[in-house]
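This briefing addresses the domain layout, a sheet, the enclosed and open spaces, and one selected residue of a protein chain. Please consult the sequence and the structure alongside the text.

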Amino acid sequence: MKNDRSLRPKLTLSDLYDTQIVYTSRPSYISNPWLEPEEHQSNFLTGRELIIANHMPVIVHEASVTDKLALLFEAVGKSMPTNVIRFKDQKSYEQTLKTLATKEDKKIYFQYIHGDDILTKDYYALDKDVFVALNNKSRIPEWTNNQYLPKREVVEINEFAEAVSSWEFPFVLKPGDDLPTAGGYGVMICYNEADLTKAKQRIEKAKDQTDTMIIEQKIEAVANYCVQFAYSEQEGIRYIGTSDQITDDYGYYSGNENAKDVPEKVIQAGQEIMEIGVANGYFGVAGFDLLLDEHGDVFAIDLNFRQNGSTSMLLLEPILQEGYHKFFSYVAPCDNQHFFNIILKYVRKGVLFPLSYYDGDWYDNESVASRFGCIWHAKHKAEVEKLEQQFLQELQQNHEFS
């Protein structure tokens with residue numbers, strides 16, 4: 001980390017939103033076929049933006065704001081945020097939202113839409129209809145001005161089987177309606193008949209809640225970027241940076257690296273998409289998944305008009321070591337206290353920047369593994385890879401360091 005403690009993020013959430021807005025990054029407790037978040041993972045997500053929120057109030061699970069997070073923040077010269085609104089379970093979470101909105105005259109900025117039984121759209125800081133429309137994958141052509149598109153077909157779900165039979169492998173399947181997805185969970189990449197069979201089984205289970213499916217050409221990408229922008233009336237549109245996505249062959253997301261030498265055409269494509277979003281009423285942070293193929297062509301495969309996993313990494317760049325940055329998260333593979341001790345050791349080395357810590361020991365009556373969200377930062381990727389291997393080896397050790 002850089003020694004100058006006066007350094008600030010490029011931008012914070014309270015630079016973008018007025019004082020009557022409260023942020024929640026938790027998915028609704030009511031899942032859908034394309035987003036079935038595990039409860040502890042969803043609770044863990046509530047702490048991810050704390051350090052970039054600044055003065056903006058954030059709704060956070062109690063296990064994500066224990067004294068362990070305070071120790072980690074202290075190790076990097078940061079104070080525990082005071083902008084925290086705590087909850088502990090589904091009942092208290094939903095009641096918190098209702099109280100803030102109906103009794104305290106707050107607007108809620110949702111990372112994921114919630115049902116009208118929890119809050120009607122009148123209480124959304126960002127118009128709910130706009131939010132839903134911009135994140136609907138079947139409407140990507142509208143938000144890209146019909147540019148940057150892979151070959152694609154949007155079909156009614158009861159016509160899907162016939163339509164897909166005319167496509168050659170590999171291709172990508174996605175839900176084409178308003179249900180939220182995340183982390184590649186709603187994306188099904190099919191390389192062969194076995195993959196297609198699994199996809200058809202998922203689609204069959206989802207047919208009562210999903211009207212349309214998207215069949216899309218799989219782009220053979222040489223780069224997979226998340227290009228991010230922010231907008232408010234005061235700030236205008238600001239480019240906040242680009243990260244490389246870390247995904248497996250089936251599109252499942254696990255983290256990001258900071259991207260170097262991003263082609264100007266990629267940034268320009270993102271700028272054009274952001275301008276369209278803003279013209280339709282969007283404000284806040286957005287990240288667009290843009291692929292670059294071997295011919296230098298840009299393809300928009302997903303538009304996330306919401307904060308993204310690597311948003312914090314990009315905004316915190318001024319206070320990280322110059323060089324290589326990697327956003328990642330870990331689940332304790334060992335005793336929770338040992339997990340925390342090793343994390344704190346590497347944070348104090350100045351190579352691991354803490355974003356969030358979900359304290360499994362907060363739970364008295366069940367065994368819960370702790371989780372940690374962070375940014376590795378060093379001069380070179382090779383250095384981080386070596387440090388991370390040491391970190392993982394130490395996590396597997398049975399003894400604790402003193």
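The points below are grouped by topic.

The model is a predicted one. Its protein chain is assigned four domains, listed below with their bounds. An open sheet of eight strands, two cavities of 30 Å³ or more and a pocket of about 330 Å³, the second largest, are also described.

**Domains**

- The domain assignment places domain 1 at residues 13–134 and domain 2 at 152–217.
- Domain 3 covers residues 220–313, and domain 4 covers 320–396.
- Taken over C-alpha atoms, the centres of domain 1 and domain 2 lie 31 Å apart.

**The eight-stranded sheet**

- The strands of this open sheet follow the order β13-β12-β9-β10-β11-β14-β16-β15, and their pairing is antiparallel.
- Strands β13 (298–304) and β15 (352–358) form the edges, each pairing on one side only.
- On average, neighbouring strands of the sheet are turned by 25° against each other, with direction ignored.
- Two bridges join strand β11 (residues 253–258) to strand β14 (residues 324–331) in the antiparallel sense.
- N256 has F327, in β14, as its bridge partner.

**The second largest pocket**

- This pocket has a volume of about 330 Å³.
- Its lining comprises 18 residues, of which L50, I51, N54, K78 and S79 are the closest to the centre.
- Helix α2 (residues 50–53) gives the most to the lining, with three residues.
- By class, ten of the lining residues are nonpolar, six are polar and two are charged.

**Cavities**

- The model contains two cavities of 30 Å³ or more.
- The second largest cavity holds about 40 Å³ of space.
- I108, Y109, F110, Y124, A125, L126 and F131 line the second largest cavity.
- Strand β4 (residues 107–110) gives the most to this lining, with three residues.
- The lining of the second largest cavity has seven nonpolar residues, with no polar and no charged ones.

**Residue Q389**

- Q389 is located in helix α12, which spans residues 381–396.
- Q389 is classed as partly exposed because its relative accessible area is 44%, a value that falls between the limits of 20% for buried and 50% for exposed.
- The C-alpha atom of Q389 is separated by 34 Å from that of P170, a residue 219 positions away along the chain.

Conventions:
Residues are numbered from 1 along each chain as its sequence is written. This is a predicted model: local features need pLDDT of at least 70, side-chain atom pairs count only at pLDDT 80 or more; totals for chains, interfaces and linings use all residues. Side-chain values use heavy atoms; hydrogens and water are left out. Domain bounds come from an automatic or database domain assignment. Helices (H or I, at least four residues) and strands (E, at least two) are DSSP runs, numbered from the N terminus. Buried means under 20% relative accessible area, exposed over 50%, partly exposed in between (1.4 Å probe, protein chains only). On a 1 Å grid over the protein atoms alone, a cavity is a set of points where a 1.4 Å probe fits but cannot get out, and a pocket is an open set with protein on both sides within 12 Å along at least five of seven lines; lining residues have an atom within 4 Å of a point. Grid points are joined across faces, edges and corners, and a volume is the space filled by probe spheres set on the points. Ala, Val, Leu, Ile, Met, Phe, Trp, Tyr, Cys and Pro count as nonpolar, Asp, Glu, Lys and Arg as charged, and the others, Gly among them, as polar. Two strands pair if DSSP finds at least two bridges between them. Axes are lines fitted to C-alpha atoms, for helices over the stretch in contact, and angles run from 0 to 180 degrees between N-to-C directions.
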